[in-house]
Amino acid sequence: MLAISGKGPLRGEIRIPGDKSISHRGVMFGSLAEGTTEISGFLPGADCLSTIDCFRRMGISIDLSPDGHSVRVEGRGLHGLRAPGGEVSLYTGNSGTTTRILSGILAPQAFTSILTGDASIEKRPMKRIIDPLLAMGADIVSVRGNGCAPLKITGHPLTGIRYLSPVASAQVKSCVLCAGLYAREETILVEPALSRDHTERMLAAFGASVSSRRTSRGYEASVQPCERLEARKVRVPGDISSAAYFLAAAALVPGSEVLIRGTGINPTRAGILQAAGAMGADISLLNREDGAEPAADILVRHSSLKGTVIEGDIIPALIDELPVLALMAAFAEGTTIIRDAAELKVKETDRIAAVTEGLLAMGARVTPTDDGMVIEGGRPLHGALIHTYGDHRLAMSFAVAGLMADGETLLDDETCVSVSYPSFFSDLNALTR
Ligand code: S3P
């Protein structure tokens, strides 16, 4: 339980921890590459540590610096993963990214894997990766027959496919592309809107033949059968999904001005900049750097916000930021409509239900819909007991709401922030002091 109450302006600079999605991929592709991959700016959050643990169990030597931000992965090549006795049990914790992408890597291996996770993971839909992997010839089953983990994957040679994904999901896309590295033919995945493209960028940098293009059916990503990946240096920018809480807090709390250093602004991730901009947030990008993953410093100053509509192709580019955008909307003048975001229901928890519940408890006017929310903003909110449902993004979003509400906001479980941002509360305190 943690109590949060209204604070003065946020002022100063912050360098937020490394991008979770990119950190996972650095460990995964580094493990499959030949040679030593050095990752800087790594996020030592619980999810990425789950990925490290899984690869260590398959014989990969991975060293973390004492602060957890530098990682050395001694890759053993595409066929170097090992399962003593022919079977390995892997625990993916709370991490959907680990569970789904790893399944694509495990499907073609010469051993059997059992993937389990925490209570949330064992409720999240895995049919979305089971279907394409089966089409590629994989032997993958949901052990309890409910389309969720535990998953049993018995390694099997794979064939390339052209798969029309019903969802715009980078986890599904990455799973299929990773399996495609091992397939006999080209593998193509088409998604209805463009999801984050970190896998395409990083696999290409490691030497795989990957391409992407827009077609009349949607966004296509393809990979050729791969003989080897080559180790390389991976520089992880700050996580824009973590920056989002400071962006929201600085935009909302009068008198605030915060400079968020070195944040990833990959266009497939940076939808919050557009959506918050449309709400009237005062955001400037400074010191842009165009590396494998573009980054910039984000300067945010308080301003008054107005409602907006968030829908369509931008949704995958801000899917993880919708909880914090919803609470910004609760303080904005006018109505905000979020639609085309049914995916929110199958995240770490049902984020449409949980955000609605929390905002209603604080006195906001919110109506949940099948694929989003309608928020009538501009009413003062009061502190309340908030159920985070063990979801890191809910805990951080409602911490920001607590800064703006009258009275005390209680988070029933704040420890879940360790999944993506272990030092979140101390970083927030440092800016509000
Ligand atoms: C992620 C993709 C997104 C996102 C998740 C991380 C990734 O999930 O919500 O936090 O690293 O590929 P989906 O691919 O299921 O949309």
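Visitor: Which residues surround the ligand?

Guide: This is a predicted model. Several parts of the chain meet at the ligand. Among the residues around it are Lys20, Ser21, Arg25, Thr97 and Arg100. The others are Ser169, Ala170, Gln171, Arg196, Ile319, Asp320 and Lys347.

Visitor: How many charged residues does the shell around the ligand have?

Guide: Sort the shell by class. Two of its residues are nonpolar and four are polar. The charged residues number six.

Visitor: How far from a ligand oxygen atom is a polar side-chain atom of Lys347?

Guide: Take three contacts in turn. Thr97 places a polar side-chain atom 3.5 Å from an oxygen atom of the ligand. Gln171 uses a backbone N or O atom, and the distance to a ligand oxygen atom is 2.8 Å. For the polar side-chain atom of Lys347, the distance is 2.7 Å.

Visitor: What percentage of the ligand's exposed area does the protein bury?

Guide: Start with the ligand alone. It then exposes 380 Å². Of that area, the protein buries 95%.

Visitor: Which element gives the largest share of the shell around the ligand?

Guide: Three elements give two or more residues each to the shell: helix H1 (20–32), helix H3 (96–106) and helix H5 (170–181). The largest share is three residues. That share comes from H1.

Visitor: Why does the ligand lie between domain 1 and domain 2?

Guide: Domain 1 covers 2–17 + 237–431, and domain 2 covers 20–235. The ligand lies between them because residues of its shell come from both domain 1 and domain 2.

Visitor: Where does the ligand's space rank among the pockets?

Guide: Look at the space that the ligand takes. That space is a pocket, and its rank by size is second largest.

Visitor: Which side chain is joined to that of Asp67 by a polar contact of 2.7 Å?

Guide: Asp67 sits in the loop between strand E4 (61–64) and strand E5 (70–76). A polar atom of its side chain lies 2.8 Å from the backbone nitrogen of His69. The 2.7 Å contact runs between side chains, and the partner of Asp67 there is Ser65.

Visitor: Which residue is joined to Pro150 by a cis peptide bond?

Guide: Most peptide bonds are trans. Pro150 is in the loop between strand E8 (139–142) and strand E9 (151–154). Omega is about 0° for the bond that joins Pro150 to Ala149.

Visitor: What is the phi of Asn287 near?

Guide: Most residues other than glycine have a negative phi. Asn287 belongs to strand E17 (residues 282–290). Its phi is positive, near 50°.

Terms used: Residues numbered from 1 in each chain as written. Predicted model: local features only at pLDDT ≥ 70, side-chain atom pairs only at ≥ 80, totals over all residues. Heavy atoms only, no water. Near = heavy atom within 4 Å. Polar contact = N/O pair within 3.5 Å; in protein donor to acceptor, adjacent residues only side chain to side chain. Areas by Shrake-Rupley, 256 points an atom, 1.4 Å probe, with all protein chains shown as cover. 1 Å grid on protein atoms, 1.4 Å probe; cavity = no way out; pocket = protein on both sides within 12 Å on 5 of 7 lines; lining within 4 Å. Sits in = over half its atoms within 2 Å of the grid points. Helix = DSSP H or I, 4+ residues; strand = E, 2+ residues; numbered from the N terminus. Nonpolar A, V, L, I, M, F, W, Y, C, P; charged D, E, K, R; others polar. Domains from an automatic or database assignment.
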